[in-house]
Structure formats: structure tokens, C-alpha cells
Amino acid sequence: MSKTVEHAIQDEYGNDFSWCYGCGRLNEDGLHLRTGWDGEETVTFYEPRKEHTAIPGFVYGGLLASLVDCHGTGSASLALHRKNGHEPGSGEEPPRFVTGSLHVDFLKPTPQGKTLKAVGKVEEIHPKKFKVNVEVFAGEVKVANGEVVAVLMPSTFTS
């Protein structure tokens, strides 16, 4: 059973910041992960594709890491956007975050054919940093725990 997020924070990102392979809506080849609120927690759903196979019948762990990563930064964006008095769909462009650190513990093999669900709990640890604890489920089974420290993206980049 496929589920979707109706008001995803990624829908609000400006075009210059919508190219991420995991969550960028403008990346034709990407995953198009969508993060939204579910009460006080955040949620993302994803249906693994055939190319996300590790061994026949099981999902590649890198997909779970990408799910945790993009869900974490999207959750931080949701939290700061809400703190600033806005919600997805209200018309204001949300803040963007980049990954400061990513940690994933794989708990069980992840079977193909199951909807993945990432659930996030956000904690502000600094005005420019948020920690997001993420649980990933395949159906009803928890298959991974993750933690993302998301850092507010600077307004300009220098190379």
C-alpha cells in the first residue's frame, strides 16, 4: 500500500535548491522523497524500486541511508519553518539544511515489496543546528535507526 505526504517541505524549496538526488523534485532520476508533519513527528514514505536491490528480495542499505539523510534535513527545515510561524503550503520559502553528520544503524534486512516509512523526531541543539532521530520501518518492522545533525545552509557558497 503506497502512502504519500500531502504537504511536503520539498515542494516549497526554491528551484536552485531542488536538485538533490534524494529529495529534489527537479531531479528526474532522483528518489523524490517528500517529508511532512504527522502530528509532532515528521514522516516520509518510499516504495523501493527494482534497482534498489542489494541481493534478490532485499533493499540496498544505501537507500535507507539516503532516506534517513534527506528525511533528517527535511525534518529540520520543517521544524525551523514552523518555529518561524509557517507551514508547507503557506507560500513562504523554507530554510534549507545540509547534513553535518549522518549515522545509521541497520537493525534487520529490509525486504523488497514493502513501503518504507521514515519517522523523525526533531531536537534543536543550536540556532543553526537541529538533531533529528529517525526510525525506518518496512511495513510494520523497524529496520533502521538513524541520526542526522542538520546544519542551516549558508545563503551563499564559495568554492
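**Exercise 1. Read the order of helices and strands along the protein chain.**

Step 1. Fix the terms: helices (H or I, at least four residues) and strands (E, at least two) are DSSP runs, numbered from the N terminus.
Step 2. Count: the protein chain has one helix and eight strands.
Step 3. Write the pattern along the sequence: β-β-β-β-α-β-β-β-β.
Step 4. Check the spread. The radius of gyration, taken over C-alpha atoms, is compared with the globule rule, 2.2 Å times the number of residues to the power 0.38. The protein chain has 15 Å, close to the 15 Å from the rule for 159 residues, so it is as compact as a globular protein of that length.

This is a predicted model: local features need pLDDT of at least 70, side-chain atom pairs (heavy atoms, without hydrogens and water) count only at pLDDT 80 or more, and totals for chains, interfaces and linings use all residues. Residues are numbered from 1 along each chain as its sequence is written.

**Exercise 2. Trace the open sheet and find its edge strands.**

Step 1. Two strands pair if DSSP finds at least two bridges between them.
Step 2. Six strands follow the order β1-β2-β6-β7-β8-β5, with antiparallel pairing.
Step 3. The edges are β1 (36-38) and β5 (97-106), each pairing on one side only.
Step 4. Zoom in: β1 and β2 (residues 41-46) share three bridges. Asp 38 has Glu 41 in β2 as its bridge partner.

**Exercise 3. What share of the 159 residues is buried?**

Step 1. Buried means under 20% relative accessible area (1.4 Å probe, protein chains only).
Step 2. Buried residues make up 42% of the protein chain.

Terms used: Buried < 20%, exposed > 50% of the residue type's maximum accessible area, 1.4 Å probe, protein only.
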